[in-house]
Amino acid sequence: MQELKVNKLRTALSLTGVAFGIFCIIGVLATVTSLETNIQNEIKSLGSNTIYIDKWDYSGGPDKPMWKFRARPVMRYEDVELIKQRSQLADNVTYLVRAGDNITYGDNIIQNVSVYGIIEQEAAIQPINFEVGRYISDAEFNSGSPVGLIGYDNAEKLYGEADRALGKQFEIKGKQVTIVGVIKKEGKNFIGWDYDNCIMIPYKFCSQFIDVKNSNPVIIAKGKETVTPAALMDELEGIMRQVRRLSPTQEDNFTLNSVEAFSKAITGLFETVDLVGALIGVISLIVGMFGIANIMFVTVKERTAVIGLKKAIGAKQRSILFEFLLEAAMLCLMGGAFGLLFVYVLALVLSGPVGFPVYVSLPLLIITVVICIVVGVLAGIFPASKAAKMDPVVAIRS
């Protein structure tokens, strides 16, 4: 510690190299892991063990031209009952239409609100949490009653406070809709349903004023607990081909999009991003390691006489070796501590003003300590070996 205090500039340069390396590795891993966690949580909101039957293929790619999918027929409400009757593996099947429109209450207007036309089984596949109120009843679904659910942000914008929205009415396309439930605030969502800025109304009601064919209708099927997504997809493919009356030579005019497959694709993508981030951090650490090695060589040179004196009074080679390795490891641990401090500042910035939560997990902290010790040992092994092998007489005379 005295050596570090005396040679402040040298110490600062060495610690900076290690700190930057740790910041790159842990910062990138923490940010990427947090991003993956957030996205995976949003994917889970789409429903577990669910298959989205749509004319669009969600995986995209150059081999999937848009014109080909655009020409496909849209999903029909009548197909839901046919799938229910023929499927042995599906636990629930629902139908959903999506559109964007304006809603008003008095002089207040909200533009481009996400409008979801749903049926009874929607809540069974995608659970909805309520701030106040309830779900739409079966009787209201069957009769196409002008009732609906409203997202938390929309309720605040129209009525000042979300709790005050219950029982109030808003207008859409000249129709008055009574609010029976306010959906609990979900926060920012990049994948899945925009619950905070949506309204949900019965399909039979919304079909009166929304063009269903141009509102991205989709059928969502959820498998039973013991059924795998692959088995459910195989069964649904056969059922949909029967429903669409496709001959064996005709290709599918629909796509089965698996939530689990999407989740695995995201995991694979982030594994690549993690690898790239780790490589950047490793390069930075190598630069820092050379800085530590240079300092240790200088330290050994400065303390040559002290090393000789220690060996003259009985210090063994392993004692000298351990002393310098410990010093190198301590330098790296101190640099790692500064690197973690920078990561903490990054997490505060992203979680606060940016609104993107970043988590530094215990495994990442353990990885930091291990990396610092390993880097310290690697950086100090050659200078320490040189010090341990010194001839005491020659060392003292120097």
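**Charge patch, helix α7 and salt bridges**

On the surface of this predicted model, a patch of negative charge is formed by E131, E156, E161 and D163. Within that group, E161 lies in the loop that runs between α7 (152-159) and β6 (169-172), and its relative accessibility of 48% places E161 in the partly exposed class. The structure also holds 10 salt bridges, some of which are described below.

Helix α7 and its end

- Helix α7 is largely enclosed by the rest of the structure, because six of its eight residues are buried.
- The buried residues of α7 are Y152, D153, N154, A155, L158 and Y159.
- G160, which comes just after α7, adopts a positive phi of about 85 degrees.

Salt bridges with a buried acidic partner

- R98 and D54 form a salt bridge in which the closest N and O atoms are 3.7 Å apart; this pair links distant parts of the chain, with R98 in strand β2 (residues 90-105) and D54 in strand β1 (residues 50-54), 44 residues apart.
- D54 is buried, its relative accessible area being 3%.
- A salt bridge also joins the side chains of E140 and R134, at 3.0 Å from N to O; E140 is buried at a relative accessible area of 13%, whereas R134 is partly exposed at 38% relative accessibility.

The salt bridge between α11 and α12

- E323 in helix α12 (residues 317-354) and K310 in helix α11 (residues 304-312) are 13 residues apart, and their side chains meet in a salt bridge of 2.9 Å, N to O.
- Both partners are partly exposed, E323 at 24% relative accessibility and K310 with a relative accessible area of 29%.
- Through salt bridges that share partners, R303, K310, E323 and E327 are joined into one network.

How values were computed:
Residues are numbered from 1 along each chain as its sequence is written. This is a predicted model: local features need pLDDT of at least 70, side-chain atom pairs count only at pLDDT 80 or more; totals for chains, interfaces and linings use all residues. Side-chain values use heavy atoms; hydrogens and water are left out. Patches are made of residues with over 30% relative accessible area and no salt bridge: like charges are joined within 9 Å, nonpolar side chains (Val, Leu, Ile, Met, Phe, Trp, Tyr) within 5 Å. Accessible areas come from the Shrake-Rupley method with a 1.4 Å probe; for residues, only the protein chains shown count as cover. A salt bridge is a side-chain nitrogen of Lys or Arg within 4 Å of a carboxyl oxygen of Asp or Glu. Lys and Arg count as positive and Asp and Glu as negative; His and the chain ends are not counted. The place of a charge is taken as NZ of Lys, CZ of Arg, CG of Asp or CD of Glu. Helices (H or I, at least four residues) and strands (E, at least two) are DSSP runs, numbered from the N terminus. Buried means under 20% relative accessible area, exposed over 50%, partly exposed in between (1.4 Å probe, protein chains only).
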